[in-house]
Amino acid sequence: MANFVLNAVAREEAVQGKGSSRRLRLQNKVPAIIYGGAAEPVAVTLELRELVKVLENNAFFEEVVEINIDGKVESVKIQALQRHPSKNTPMHADFKRA
């Protein structure tokens, strides 16, 4: 059983949307969202390099992942992953609280 831990930064509403997401991707970051459970959805930003590294392991898609958001840890499972059509790099990730 592998432990997956990702570091993330919460995004406020001013830096959400199509334009902001494109700017994040130019900085080698991946926009993502965490939803489900009793808490409100949280928009976060992940490092592309970290995400690509954990995606190499197929167990990432089956196991519970810990996301460290500014010191607070969320236990989640990946729900959806959008990739670039030709480059196959991650463009957006959806995580559901476990």
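Biologist: Over residues 6-95, what share of the chain is helix and what share is strand?
Modeller: Keep in mind that this is a predicted model. UniProt, in an unreviewed entry, lists residues 6-95 as "domain: Large ribosomal subunit protein bL25 L25". The C-alpha atoms at the two ends of this stretch are 12 Å apart. As for its make-up, the chain here is 19% helix and 46% strand.

Biologist: Nice! Do strands E2 and E3 run parallel or antiparallel?
Modeller: Strand E2 covers residues 29-35 and strand E3 covers residues 42-47. They form a hairpin with six residues between them, and Gly36 in the turn has a positive phi of about 100°. Six bridges join the two strands, with Val30 and Leu46 as one of the partner pairs. Their direction is antiparallel.

Biologist: And which residue in E6 stands opposite Ile33?
Modeller: Let's look at the pairing of E2 with strand E6, residues 90-97. Four bridges join these two strands, which run parallel. Opposite Ile33, in E6, stands Asp94.

Biologist: Now for helix H2: why are its buried residues on the same side?
Modeller: In H2, residues 48-55, the buried residues include Leu48, Leu51, Val54 and Leu55. In an α-helix there are 3.6 residues a turn, so residues three or four places apart point the same way. The buried residues of H2 are on the same side because they cover an arc of only 135° around the axis.

Biologist: Which residues are exposed on the other side of H2?
Modeller: The buried residues of H2 are covered by elements including strands E1, E2, E3, E5 and E6. On the other side of the helix, the exposed residues are Arg49 and Lys53.

Conventions: Residues numbered from 1 in each chain as written. Predicted model: local features only at pLDDT ≥ 70, side-chain atom pairs only at ≥ 80, totals over all residues. Heavy atoms only, no water. Pairing = 2+ DSSP bridges. UniProt positions renumbered as here; feature names shortened; annotations may be inferred. Buried < 20%, exposed > 50% of the residue type's maximum accessible area, 1.4 Å probe, protein only. Arc of directions from axis to C-beta. Contact = heavy atoms within 4.5 Å.
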